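Please look at the sequence and the structure shown below, and then follow the report, which starts from a single residue and works outwards.

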Amino acid sequence: MGIKLNALLKSPWVFHLSTGSCNNCDIEILDCLTPRFDIERFGMLLAGSIKHADVLLITGSGNRKSMERVKRLYEQTPKPCLVVAIGECALSRGMFIHSYNCPIPVDKVIPVDVYIPGCPPKPEAIIAGAVKLIEKVKKGT
Amino acid sequence: MIYILYLVVYGFLATAMVGLLASWIDRKVTARVQYRVGPPLLQPLIDIVKLLGKETLIPAGASKTTFLMAPLVGLASVIVVSTLLWVNNIFPGKSFLGDLIVVVYLLALPSISIIMGGFASRNPLASLGASREMKLVLSYELPFLLVVLVPVIKSGFTIMLGDILSFQAQSGAIAGSISGTLALIVAIMCMQAKLALVPFDIPEAETEIVGGALIEYSGSGLAIYKLMKNMLLFTLPFFLMILFMGGLRFDGIHLVFGILKYVGLVALITVIRNTNPRVRIDQAVKFFWGPMTIIAIIAVILALLGK
């Protein structure tokens, strides 16, 4: 593993992207930045602009309007970048699986590296997912 | 040849090292103020290494040359300024006539490079950030220039940094007098605005205009801007130390005092940035052209009267 990837894993700046979620997952993501969990000790920061981001956190079921934007934003992220799907909706569309407005899940549109289940997942689960992501990148490729 | 060595060793390496360390102190103190643990020691360096390894995207329709050149202009000016300051401080005999004016001019260039980069990136939010930065430069430069006059008057109308330093070595720091104290207060406010930190982080307000002028920068361009900002976090307090507090001296106990002065200034910047909300741009202009300019003029008059 090169210095490039090593540095990336030690300072992943995250960008959170809601594709039509109920906002619970977004609130839980913001919880990770609070003093109780403090993910800045692992070097993670919340990036405001997609051009500064290394990790895309995707929440929500991905409806017809937002999936185009997700694809465009993924293309705008400077590579190498990682994608994390958070919450039941982003994983499998949850209760909206039969909805006319959610024809395809997120991972059919862009490659997803880690799935974090839960409705919404606890901050502990999100941090555990981030650890698994780092282990996965360290081990493979 | 020796000047290239100064440029690389003092201007770049020493400044970048101290600047990255200061940026870590800033983040750590911020975290402790909020009852968090905070990032590890090497975090600012890791951030920059990571950004250097990432893809550099150029927005469609942007002016490519200006977009890529702007960060380099800013970094180069910071390197030259810090070389001048270090060399003046270590070998006071080597200063030349008018280097104070050169330093003041070069310290305006980082802001101008951010304005260039913002306007070149063809993004409405970046243009908004750049125009705010321009207004901020216009507002803080007036009191800053007035304040720089105080040490000049105090040390017998000299515009050489070396003379100001040797004057302070003989007859105590300028901040010890009334006019010096007033000038130092105004200078610290101007420094906060020059560093674009809260309460004057209007040009890059993360929550309003998502990064302002830097919104379209990615990869190495962003890395150079981050490095420039971290280096400014050393250069500006160091400049104020030279002007008002007798600079950094390397003989015996004075070295400890010098380091304490620097750490004190950085801690003050951090505390100001953690205890204040962001002001609007019109409030910032009113603040700098109103109270700050008046205090600066009073300080200049007191200095002329010899107080």
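Leaving aside its neighbours within four places in sequence, which residues is B:V147 in contact with? In this predicted model, and with those neighbours set aside, B:V147 is in contact with B:A183, B:V186, B:A187, B:C190, B:A296 and B:A299.

These contacts lead into the interior of the model. The largest nonpolar core has 86 residues, and within that core B:V147, B:A183 and B:A187 touch the most other members. Helix α9 (residues 220–244) of chain B gives the most to this core, with 18 residues. Apart from it lies another core, which is made up of 27 residues, among them A:I58, A:V83, A:A90 and A:V106.

Turning to the place where the two chains meet, the contact takes 25 residues from chain B and 18 residues from chain A. On the side of chain B that touches chain A, helix α2 (residues 43–52) of chain B gives the most, with five residues. The residues on that side of chain B divide as the table shows.

| Kind of residue, side of chain B that touches chain A | Number |
|---|---|
| nonpolar | 11 residues |
| polar | seven residues |
| charged | seven residues |

How confident is the predictor? The complex is given an ipTM of 0.85 and a pTM of 0.89, while chain B has a mean pLDDT of 86, with 100% of its residues at 70 or more. Within chain B, confidence is highest in helix α11 (residues 281–305) of chain B, at a mean of 90, and lowest in helix α8 (residues 206–209) of chain B, at a mean of 74.

Terms used: Residues numbered from 1 in each chain as written. Chains lettered and ligands numbered in written order. Predicted model: local features only at pLDDT ≥ 70, side-chain atom pairs only at ≥ 80, totals over all residues. Contact = placed C-beta atoms within 7 Å. Helix = DSSP H or I, 4+ residues; strand = E, 2+ residues; numbered from the N terminus. Nonpolar A, V, L, I, M, F, W, Y, C, P; charged D, E, K, R; others polar. Core = buried A, V, L, I, M, F, W, Y, C linked by C-beta atoms within 7 Å. Buried ≥ 20, exposed ≤ 12 C-beta atoms within 10 Å, placed from the backbone. pLDDT = per-residue confidence, 0-100.
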